[in-house]
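Let's walk through this structure together, from the overall layout down to individual side chains. Keep the viewer open as you read.

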Amino acid sequence: LHCVCSSTSDQTFGEELFSEIVNPKLSSSSLNAQRMSEKITHIILGNCNTVRIILDLDRVDRDATELTDISFEDIENLSVQFRNIVQPRMKFVFTNIVSNQLSGIISGRSTILDMFFRQFNTAGRDQTSVIIRNIDIQANIRLLNFQDI
C-alpha cells in the first residue's frame, strides 16, 4: 500500500496516528477484492514536507494486513514515535529523509528489527541527519544500516 501526500509541501497536523492514516486506505473499495486473496505486508508513506507520526501498529486493521515492512520515502522532516510494535519481525526503511527523529518504545524481547537509512538523492540536498532521542528498545535489532548518510 502506497500512501503519498498530494503535494510535497503537505505535512501532518501535529502528531498523527499511523493507524488513522492507513486504516481508511485499507477499507477503500479498491482493496476489498485484494483482501479476499492476500493481506498487505508493506506500507509506504512518502512525498511530504513534514511528517510527525506515532506508530501504533496494534491499531492497524489486522483483517487487511500482516505488516512486515514500513517505508518512509522523500520526506524533508520525519519524526517517528514508536508505540506498540506487535509484529514478531519488522523492517523499517527510511529513504531520502533529510531529518530523521526517532523516539518511543519498542518492546518485546522476541521482536526482531531491521532498520535501513538510505540517502539516494545527495546532489543539491541538505546534509541528512538521524537523531535517536529518548528511545527504549527492548527488541532485538538484527540490522542497522546507514547508506550515504
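How much area does the protein expose, and what share of it do carbon and sulfur atoms supply? The exposed area comes to about 7,900 Å², and carbon and sulfur atoms supply 45% of it. Please keep in mind that this is a predicted model, so every value here is computed from predicted coordinates.

Let's start with the layout. The protein has 2 helices and 8 strands. If you follow the chain along the sequence, the elements come in the pattern β-β-α-α-β-β-β-β-β-β. There are 149 residues, of which 40% count as buried. Contacts across the sequence matter for reading this model: among contacts with a separation of 6 or more, 69% are between residues 24 or more positions apart.

Now look inside. In soluble globular proteins, nonpolar side chains tend to be buried together. Here the largest nonpolar core has 33 residues, and F18, L55, F72 and F92 are those with the most contacts inside it. Helix α1 (18-26) and strands β3, β4, β5 and β6 are the elements that give two or more residues to this core. To get a feel for the surroundings of one core residue, select F72. Leaving aside residues up to four places away in sequence, F72 touches L45, I53, L55, L78, V80, V93, F94, T95 and I97.

F72 also leads us to the aromatic rings. A pair of aromatic rings is described by the distance of the centres and the angle of the planes. The structure holds 4 aromatic pairs. One of them is F94 with F117, a stacked pair with 4.7 Å centre to centre and 5° between the planes. F94 sits in strand β5 (residues 89-106) and F117 in strand β6 (residues 112-118), so this pair ties together parts that are 23 residues apart in sequence. Both F94 and F117 are buried.

F117 has a further ring partner. It forms a stacked pair with F146, at 5.0 Å centre to centre and 10° between the planes. This pair links distant parts of the chain, with F117 in strand β6 and F146 in strand β8 (residues 140-147), 29 residues apart. The two partners sit in contrasting surroundings: F117 is buried at a relative accessible area of 1%, whereas F146 is partly exposed at 44%. Taken together, ring pairs link F72, F94, F117 and F146 into a cluster.

F146 brings us out to the surface. Which residues form a nonpolar patch there? The patch is made of I137, I141, L144, F146 and I149, with about 410 Å² of accessible area together. Strand β8 gives the most to the patch, with 3 residues. I137 belongs to strand β7 (residues 129-137) and is partly exposed, with a relative accessible area of 32%.

Charged side chains add another set of links, as the structure holds 6 salt bridges. Among them is the one between R52 and E15, whose closest N and O atoms are 3.7 Å apart. R52 lies in strand β3 (residues 40-56) and E15 in the loop between β1 (2-4) and β2 (16-17), so the pair ties together parts that are 37 residues apart in sequence. R52 is partly exposed at 36% relative accessibility, and E15 is partly exposed as well, with a relative accessible area of 42%.

Another salt bridge joins E66 and K39, with the closest N and O atoms 4.0 Å apart. E66 is in strand β4 (residues 65-83), while K39 is in the loop between α2 (29-37) and β3, so this bridge ties together parts that are 27 residues apart in sequence. K39 is partly exposed, with a relative accessible area of 35%.

Finally, turn to D114 and R142, which form a salt bridge with the closest N and O atoms 2.9 Å apart. Here D114 in strand β6 is linked to R142 in strand β8, 28 residues apart. D114 counts as buried at 5% relative accessibility, but R142 counts as exposed at 52%. The charged groups extend one step further, since salt bridges that share partners join R89, D114 and R142 into one network. Strands β6 and β8 thus meet through two kinds of contact: the ring pair of F117 and F146 and the salt bridge of D114 and R142.

Technical notes: Residues are numbered from 1 along each chain as its sequence is written. This is a predicted model: local features need pLDDT of at least 70, side-chain atom pairs count only at pLDDT 80 or more; totals for chains, interfaces and linings use all residues. Side-chain values use heavy atoms; hydrogens and water are left out. Rings of Phe, Tyr and Trp (its six-membered ring) pair if their centres lie within 6.5 Å; planes under 30 degrees apart count as stacked, over 60 as edge-to-face and the rest as tilted. Helices (H or I, at least four residues) and strands (E, at least two) are DSSP runs, numbered from the N terminus. Buried means under 20% relative accessible area, exposed over 50%, partly exposed in between (1.4 Å probe, protein chains only). Contact means heavy atoms within 4.5 Å. Accessible areas come from the Shrake-Rupley method with a 1.4 Å probe; for residues, only the protein chains shown count as cover. Patches are made of residues with over 30% relative accessible area and no salt bridge: like charges are joined within 9 Å, nonpolar side chains (Val, Leu, Ile, Met, Phe, Trp, Tyr) within 5 Å. A nonpolar core is a set of buried Ala, Val, Leu, Ile, Met, Phe, Trp, Tyr and Cys residues joined through side-chain atoms within 4.5 Å.
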